[in-house]
Amino acid sequence: MATNRLIVDTDGGVDDAQALLLLIAAGRTPDAITTVFGNVNLETATANVLATLAIAGASVPVHMGAAEPLAGDRIHAHHVHGEDGLGGAPRPERTGKVAGSDAVGFLVTTFSDAAASGDRVDLLTIGPLTNLALALQQAPGITRGLGRLTIMGGTIWGRGNVTPAAEFNVFADPEAAAVVFGAEVDATVVPWEVCVAHELAGADIDRMFAGATDGDYRAFALALVQNERTRHLRSGQGDCLFFIDPLAAAVAIEPDIVTRSQRACVGVALEPGLTRGMTVVDPSGRIGTPMVTFVEGARRDRLAALFAASVTHGRRGPS
Ligand SMILES: [Ca+2]
């Protein structure tokens, strides 16, 4: 079976950059990228994506999307990803330019065409769900053009990161998440608790980088990973890297990597207060939204192999 085209929707943080490097190294360079506010503002997220593509030597059209959530105030995660969103990773001297500033229009056109032709397109979202929600509101029929939809977001057991109950991507725009989880689409969801249950030990990371050729690419990839290791060490989580967006990327391109999953429908808590942005996961189906698949476990050997490939992938010598 031919491989579907792939679009990645991203908010340009450290693990977003790692996910892009993983996809490119795995031979699944996205056919297009759409950007969204989230870890950092929209302009910075877009600049970070362009920087990552330049470092990897990949030419991919990048469309700027939503700068604000559907409702409420914009949040960010500079405390995790640094002021620049890439943990201070060294920037390339030159980057490409954006292909457009209407990501929502691009998604509507692409998935409408895909629906008409039957040539479906996969979508991986690793940021707030604003762009996809706006596209679905404009053109609900685009679900017929969607191939595999893989979403990093939400929680499965109710333990969030940005609040005790809510995960960042959903909390950043709960109304958008409610639109997506209410749409007629069979998504695969990679929830927060499962991401932090899949880690790579510091010693393994060191071994991978020891095999990488010196250069801009290695320096960039190393800075990304060191930002995370330093933060985890400071917070007492040990010397490791958690697979967040890279886990979703791996699931998107290697469905067989999933070892355990749960079918459920999802409600998103929208009321202000303790539970805003919480994903209420309902295997019984009583919430009534379409069933999606929650990933509960993935093959660690394949994750490590995909990550290792992304460490050693860089072009050799000066570009
Ligand atoms: Ca992200």
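This is a guided tour of a predicted model, from a calcium site through two helix packings to a set of salt bridges.

**Stop 1: the calcium ion**

Select the calcium ion and show the protein atoms around it. Its protein donors are Asp 11 (OD), Asp 16 (OD), Asp 16 (OD), Ile 126 (O) and Asp 245 (OD), at 2.2 to 2.6 Å from the ion. Asp 16 therefore appears twice in the donor list, each time as OD, whereas Ile 126 is listed with O. Read along the sequence, the spacing of the donor residues is D-x4-D-x109-I-x118-D. Asp 11 sits in the loop between strand S1 (5–10) and helix H1 (14–25), and Ile 126 belongs to strand S4 (residues 121–126), so this pair joins parts of the chain that are 115 residues apart in sequence. Now colour by accessibility: are Asp 11 and Ile 126 buried or exposed? Both Asp 11 and Ile 126 are buried.

**Stop 2: helix H1 and its partner H10**

From Asp 11, move along the chain into H1, which covers residues 14–25. Select H10 (residues 216–234) as well; the axes of H1 and H10 come within 10 Å and cross at roughly 135°. That angle makes H1 oblique to H10. The crossing of H1 past H10 is left-handed.

To see the interface, show side chains on both helices. On the H1 side, pick Val 14, Asp 15, Ala 17, Gln 18 and Leu 21. On the H10 side, the residues they meet are Tyr 217, Phe 220, Ala 221, Leu 224, Val 225, Asn 227 and Glu 228.

**Stop 3: Ile 24**

Stay in H1 and select Ile 24. What relative accessible area does Ile 24 have? The value is 7%, so Ile 24 counts as buried. Leaving out residues up to four places away in sequence, Ile 24 touches Thr 29, Pro 30, Leu 53, Ala 56, Ala 58 and His 313. Next, draw a line from the C-alpha atom of Ile 24 to that of Ser 310: the separation is 7.6 Å, although the two residues are 286 residues apart along the chain.

**Stop 4: helix H5 and Asn 131**

Go to helix H5 (residues 130–138) and select Asn 131. Asn 131 is buried, with a relative accessible area of 0%. Which residues surround Asn 131, once its neighbours within four places in sequence are set aside? Its contacts are Asp 9, Thr 34, Thr 35, Val 36, Gly 65, Ala 66, Ala 103, Val 104 and Leu 107.

Widen the selection to the buried residues of H5, which are Thr 130, Asn 131, Leu 132, Ala 133, Ala 135 and Leu 136. They pack against S1, strand S2 (32–35), helix H4 (103–117), S4, strand S5 (146–152) and helix H7 (174–182). S1 and S4 were met at the calcium site: Asp 11 is in the loop after S1, and Ile 126 is in S4.

**Stop 5: H5 against H7**

Keep H5 on screen and add H7. The two helices pack at an angle of about 55°, and their axes are 8 Å apart. H5 is thus oblique to H7. H5 passes H7 in a left-handed crossing. In the interface, Thr 130, Leu 132, Ala 133, Leu 136 and Gln 137 of H5 meet Ala 176, Val 179 and Val 180 of H7.

**Stop 6: salt bridges**

Finally, show the charged side chains. How many salt bridges does a search of the whole structure find? The search finds twelve. Three pairs and one network are worth selecting here.

- Arg 91 and Asp 84 form a salt bridge at 3.5 Å, N to O. Arg 91 is partly exposed at 37% relative accessible area, and Asp 84 is partly exposed at 22%.
- Asp 214 and Arg 218 form a salt bridge at 3.6 Å, N to O. Asp 214 is exposed, with a relative accessible area of 64%, whereas Arg 218 is buried at 19%. Arg 218 lies within the span of H10, residues 216–234.
- Arg 299 and Asp 301 form a salt bridge at 2.8 Å, N to O. Arg 299 is partly exposed at 36%, and Asp 301 is partly exposed at 48%.
- Asp 206, Arg 229 and Asp 239 are linked in a network of salt bridges.

Methods
Residues numbered from 1 in each chain as written. Predicted model: local features only at pLDDT ≥ 70, side-chain atom pairs only at ≥ 80, totals over all residues. Heavy atoms only, no water. Donors = N, O, S within 2.8 Å, 3.2 Å for Na, K, Ca; no water. Helix = DSSP H or I, 4+ residues; strand = E, 2+ residues; numbered from the N terminus. Buried < 20%, exposed > 50% of the residue type's maximum accessible area, 1.4 Å probe, protein only. Salt bridge = Lys/Arg side-chain N within 4 Å of Asp/Glu carboxyl O. Contact = heavy atoms within 4.5 Å. Axes fitted to C-alpha atoms, helices over the stretch in contact; angles between N-to-C directions. Parallel < 35°, antiparallel > 145°, perpendicular 65-115°, else oblique. Left-handed = near helix turned anticlockwise from the far one by under 90°.
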